[in-house]
Amino acid sequence: MQNIDGPIFETKAFKLSKKEENLSNKARELGMKKFANRAFKYDDNAVFPIENYKDLYKEGFLGICIPKNKGGLGAGFRGYAIAAAEIGRYCGATALTWNMHVCSTLWTGILADDLKMPKNMQESHDKKRTMHYKRIIKEGAIYSQPFSEGGGGAAGATPFLTNAQPTKNGWIINGKKIFASLSGHASYYGILCTEKKTNELASQKDTLYLAVPANAKGVSVQGDWNPLGMRGTISRTLIFKDVFVPKDSALMPKGKYYEAAKRWPHMFLTLSPTYVGLAQAALDFTIKYLRGELPNTPPIKRRMYATKQLSVAEMQIQMENIKTIWFQSISEAGVDPSPQQIKRAYATQYTVMEGAHKIAQLAIRTCGGQAMLKSLSLERIFRDSRCGSLMLPWTAEICLDRIGKTSLYNVGEKD
Ligand SMILES: Cc1cc2nc3c(=O)[nH]c(=O)nc-3n(C[C@H](O)[C@H](O)[C@H](O)COP(=O)(O)OP(=O)(O)OC[C@H]3O[C@@H](n4cnc5c(N)ncnc54)[C@H](O)[C@@H]3O)c2cc1C
């Protein structure tokens, strides 16, 4: 029997560190042994993958990007991304929601450190993040990332409408977040909002990144969640009505999220690993299916037909293209990238988000009718993979827009 569940990124070829290899192996094992089978019920019933989160906690994966000296696994940006791709291969909804959680440690950790702060700001930030990390490591706290409001805020075009009125000891928050993955399941909602100022227009520079306890007075979850794909993410609407949070709720100092978005733009590539995993999953499925080796299907071989071989070749080529550009962008992620690196990051996001669904589409055509039954994973992979291009701030359309503009116009040029 062919072992097609080898790593997506082989250690030798991609020159992974030992740590990256270990994270990838651990994630793949967890995905294959535990998450793959559970994915059906989370999708069918649109329920949150609670059992998977217990396993992620047990394996230390809730603290994957928390530094070792603060109790975490100390993974870097690339180590996390490779592990997340392996998780996405077996359960898209788990990988996508896990990403929201991990970003709350990645952005407050590696990214914030790269931005360099004055000593007193750094010390105060370190004290706060240590408290947040402790909650994750000791209590298994889950942090989500509800930024979207339905307007230009999450697209980076306008200030967030959700606002925070400063008080002596903290802030009072009012507003609404849509598509809030992990709603009703996160312990803290890591929201982006605009700090209110008297007599001044709201500015994106006043963006605050605050951790709101899910059980705080004035927080409510509204609406249902019955979408096409990523059904286990439970991305319902959150309402904040006069919610008080104390000063230590700040996940980053004021203005630092805004600075990170400008100076560490690869932070927005973190949604992509899930979809690299989904693309690989569609390919894995097709190969197993055509070889007659897919569990719970008759052992009928279909691999001898030339048309199927050609389709698989096309899928392999698309997968290698996705892997190559993605690995390059993930590897070069860091502070103050060049315009070429930023353009490549947009191209990567576009290639992965659109490419994953193209591979899934091809997989359905190639495998044939019996392969798209709901009892098999391909049908779910097809639906889940459609969602990637819609996610702000780097939707497929926004990526195209920025690549086109920055290719044709130098900074400051106009017609
Ligand atoms: C499965 C899933 C899970 C999600 N989880 C989360 C989550 O946890 N947290 C979170 O914050 N969000 C999440 N989202 C939301 C996602 O990031 C988007 O915000 C959402 O899909 C946008 O929906 P919309 O209909 O408002 O989009 P749109 O109407 O397309 O966009 C919203 C606004 O963005 C701006 N915009 C859109 N396109 C362009 C363009 N081409 N050029 C310039 N501006 C543009 C416009 O102001 C527009 O009004 C999730 C989405 C999905 C599908």
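How many Å apart do the C-alpha centres of domain 2 and domain 3 lie? In this predicted model, the answer is 32 Å. To place those two pieces, start from the division of the protein chain: domain 1 covers 11-141, domain 2 covers 163-254 and domain 3 covers 264-408.

Now look for the ligand. Domain 2 and domain 3 both give residues to the shell around the ligand, so the ligand lies between them. That shell counts 25 residues, and Ser148, Gly152, Phe179, Ser181 and Met230 are the ones that come nearest. Two elements give two or more residues each to the shell: strand S3 (170-180) and helix H12 (396-408). Of these, H12 supplies the largest share, with three residues. If you're thinking about the chemistry of the shell, sorting by class gives 14 nonpolar residues, nine polar ones and just two charged ones.

While you're at H12, step back along the chain a little. Proline 393 sits in the loop between helix H11 (377-385) and H12. The peptide bond joining leucine 392 to proline 393 is cis, with omega at about 5°, so keep an eye on that torsion as you go through the backbone. 

Next, head over to helix H5, which runs over residues 92-115. This helix isn't straight: there is a bend of about 40° at leucine 106. Is H5 mostly enclosed or mostly open? Of its 24 residues, 21 are buried, so H5 is largely enclosed by the rest of the structure.

Tryptophan 98 is a good residue to zoom in on, as it lies in H5. With 28 other C-beta atoms within 10 Å, tryptophan 98 is buried, because the cut-off for that label is 20 or more. Setting aside neighbours within four places in sequence, tryptophan 98 is in contact with Leu56, Ala84 and Ile87. Tyrosine 53 is 45 residues away from tryptophan 98 in sequence, yet the two are 8.3 Å apart in space, C-alpha to C-alpha.

H5 also matters for the count in the nonpolar core. In soluble globular proteins, nonpolar side chains tend to be buried together. Here the largest nonpolar core has 118 residues, and Tyr80, Leu210, Val212, Ala279 and Ala282 touch the most other members. H5 gives the largest share of this core, twelve residues. Take alanine 282 as one of those well-connected members: leaving out residues up to four places away in sequence, alanine 282 touches Ile359, Ala360, Ala363, Leu378 and Ile381.

Finally, two backbone details. Right after H5 comes lysine 116, in the loop between H5 and helix H6 (119-139). Its phi is near 55°, a positive value in a residue other than glycine. Lysine 116 is exposed, with 10 other C-beta atoms within 10 Å. Aspartate 242 also has a positive phi, about 50°, although it is not a glycine. Aspartate 242 is found in a strand, S7 (residues 236-246), and with 10 C-beta neighbours inside 10 Å it counts as exposed.

Note on methods:
Residues numbered from 1 in each chain as written. Predicted model: local features only at pLDDT ≥ 70, side-chain atom pairs only at ≥ 80, totals over all residues. Domains from an automatic or database assignment. Near = placed C-beta within 6 Å. Helix = DSSP H or I, 4+ residues; strand = E, 2+ residues; numbered from the N terminus. Nonpolar A, V, L, I, M, F, W, Y, C, P; charged D, E, K, R; others polar. Bend = angle between axes of the 7 residues up to and from the residue. Buried ≥ 20, exposed ≤ 12 C-beta atoms within 10 Å, placed from the backbone. Core = buried A, V, L, I, M, F, W, Y, C linked by C-beta atoms within 7 Å. Contact = placed C-beta atoms within 7 Å.
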